[in-house]
Amino acid sequence: MGPAGGLTVSGDGLAFDLITMGRIGVDLYPLTTGVPLEEADTFGKFLGGSPANVAVAAARLGRRVALISRTGADPFGAYLRSELRGFGVDGRWVAEVADHPTPITFCEIFPPDRFPLYFYRLPKAPDLEIAAEELDLGAIREARVFWMTGTGLSEEPSRAATLAALEARTSPGTTVFDLDWRPMLWREKPGPYYERALALATVAVGNTEECAIATGESEPYAAARALLAAGVELAVVKRGPEGVLAVHRDGTVAEVPPVPVQVVNGLGAGDAFGGALCHGLLAGWDLATVVRYANAAGAIVASRLACASAMPFSDEVEEVVGRAGGL
């Protein structure tokens with residue numbers, strides 16, 4: 001693990017395109033859809049956790065990516081680090097925590113729009129044990145994009161570490177706050193911590209419920225304006241079957257309709273969207289192009305069972321974008 005404040009670069013001597021920070025765990029999904037957990041008897045094992053999935057999504061699109069997280073010192077933790085390597089995500093900052101088991105998440109799959117999640121993160125998830133003094137702030141500062149989540153703010157010492165990482169982002173890069181509201185993982189009101197993070201981020205991404213938690217506004221345009229007023233330069237509001245709204249501080253607005261798809265499992269769609277959003281921002285595309293591309297990536301994953309292993313490659317996304325009207 002790099003020293004606090006030091007600069008760590010990737011193997012070819014360049015800073016990372018993207019560093020994500022936060023949850024990682026094992027997803028166990030029934031291999032038969034439409035079956036409640038009490039009746040399911042076969043499960044698939046997948047790498048999970050939103051920041052980990054976003055990292056995989058961006059790596060699949062050719063980006064140089066690393067993850068900051070923690071696992072238990074157990075076989076599931078070893079599995080996750082192996083999966084990260086296989087997906088091309090640098091896991092140098094994914095350390096073991098001896099006192100807490102690697103989290104497991106079960107899901108029930110009832111297409112097209114019901115996917116209950118059951119988090120097993122007790123007594124405490126290792127990814128909430130990231131401490132500020134363990135961070136390589138130089139690498140975080142130099143990354144072209146840094147991605148953090150609301151869950152990372154839910155408990156100490158992860159909260160202080162996440163805020164320290166945000167405060168380190170003084171260089172002219174992109175800092176994304178994934179609002180990521182998971183009420184079952186919070187013990188206190190998130191408002192003050194979301195407010196601090198929004199003041200330090202440049203991009204906010206969330207669905208209408210998450211926007212309401214962060215700003216008190218759920219109407220998409222009102223939520224976008226509130227996020228901009230809170231400090232970000234770009235607000236991205238995901239509206240489910242109504243598509244995506246993105247509003248930039250410079251007045252640029254992009255409204256993109258959803259991509260029609262046969263939904264199998266909608267849980268990984270937002271993470272695919274996030275990784276593709278980072279890819280488009282890194283590419284310097286105009287806002288509408290970025291959102292169309294990210295929307296297409298999300299639709300592809302919604303049509304597949306898994307999350308991380310379902311993340312699309314660039315040619316797959318380009319094909320869907322082309323069918324939907326082109327880049």
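## Helix α1, fully covered

In this predicted model, the buried residues of α1 are S50, P51, A52, N53, V54, A55, V56, A57, A58, A59 and R60. That is 11 of the 11 residues of the helix, which spans 50-60, so α1 is largely enclosed by the rest of the structure. G62 follows α1. Its phi is positive, near 95°.

## The four-stranded sheet

Four strands form an open sheet in the order β3-β2-β6-β7. Pairing within this sheet is mixed. Its edges are β3 (43-48) and β7 (117-120), and each of these pairs on one side only. From one strand to the next, the twist averages 25°.

Strand β6 covers residues 104-107. It runs antiparallel to β7, and 4 bridges join the two. At one of these positions, I104 of β6 has Y120 of β7 as its bridge partner. The loop between β6 and β7 holds P112. The peptide bond from P111 to P112 is cis, with omega near 10°.

Helix α2 (residues 75-87) lies across three strands of the sheet: β2 (25-30), β3 and β6. Its direction is at about 65° to β3.

## Helix α4 and its neighbours

Helix α4 runs from 158 to 167 and is mostly covered. Of its 10 residues, 7 are buried. These are S158, R159, A161, T162, L163, A165 and L166. What do they pack against? Their partners are two helices, α3 and α5 (191-200), and three strands, β1, β8 and β9 (174-178).

The loop between β8 and α4 contains P157. E156 and P157 are joined by a cis peptide bond, with omega about 0°.

## Helices α6 and α7

Helix α6 (residues 208-215) packs on helix α7 (residues 220-230) at an angle of about 45°. Their axes are 10 Å apart. That angle makes α6 oblique to α7. The crossing is left-handed.

Which residues meet here? From α6 come T208, C211, A214 and T215. From α7 come P220, A223, A226 and L227. Residues three or four places apart in an α-helix point the same way, because the helix has 3.6 residues a turn.

## Salt bridges

The whole structure holds 15 salt bridges. Side chains of opposite charge can pair when their charged atoms come close. Three pairs and one network are described here.

R144 pairs with D17, with the closest N and O atoms 3.1 Å apart. R144 sits in the loop between α3 (137-142) and β8 (145-149), and D17 in the segment before β1 (18-21), so the pair ties together parts that are 127 residues apart in sequence. R144 is partly exposed, at 39% relative accessibility. D17 is buried, at 7%.

E134 and R70 form another salt bridge, 2.8 Å from N to O. E134 lies in the loop between β7 and α3, while R70 belongs to strand β4 (residues 65-72). The two are 64 residues apart. E134 is partly exposed, with a relative accessible area of 30%. R70 is buried, at 3% relative accessibility.

E255 meets R239 at 3.1 Å, N to O. E255 is in strand β13 (residues 253-256). R239 is in the loop between β11 (234-238) and β12 (244-248). They are 16 residues apart. Are these residues buried or partly exposed? E255 counts as partly exposed at 46% relative accessibility. R239 counts as buried at 17%, because the cut-off for buried is under 20%.

## D180, a buried loop residue

The remaining salt bridges to note form a network that links R23, D180 and R182. Where is D180 placed? It lies in the loop between β9 and α5. At 2% relative accessibility, D180 is buried. Its backbone also stands out: phi is positive, about 45°, although D180 is not a glycine.

Conventions: Residues are numbered from 1 along each chain as its sequence is written. This is a predicted model: local features need pLDDT of at least 70, side-chain atom pairs count only at pLDDT 80 or more; totals for chains, interfaces and linings use all residues. Side-chain values use heavy atoms; hydrogens and water are left out. Two strands pair if DSSP finds at least two bridges between them. Axes are lines fitted to C-alpha atoms, for helices over the stretch in contact, and angles run from 0 to 180 degrees between N-to-C directions. Contact means heavy atoms within 4.5 Å. A salt bridge is a side-chain nitrogen of Lys or Arg within 4 Å of a carboxyl oxygen of Asp or Glu. Buried means under 20% relative accessible area, exposed over 50%, partly exposed in between (1.4 Å probe, protein chains only). Angles under 35 degrees count as roughly parallel, over 145 as roughly antiparallel, 65 to 115 as roughly perpendicular and the rest as oblique. A crossing is left-handed if the near helix is turned anticlockwise from the far one by less than a right angle, and right-handed if clockwise.
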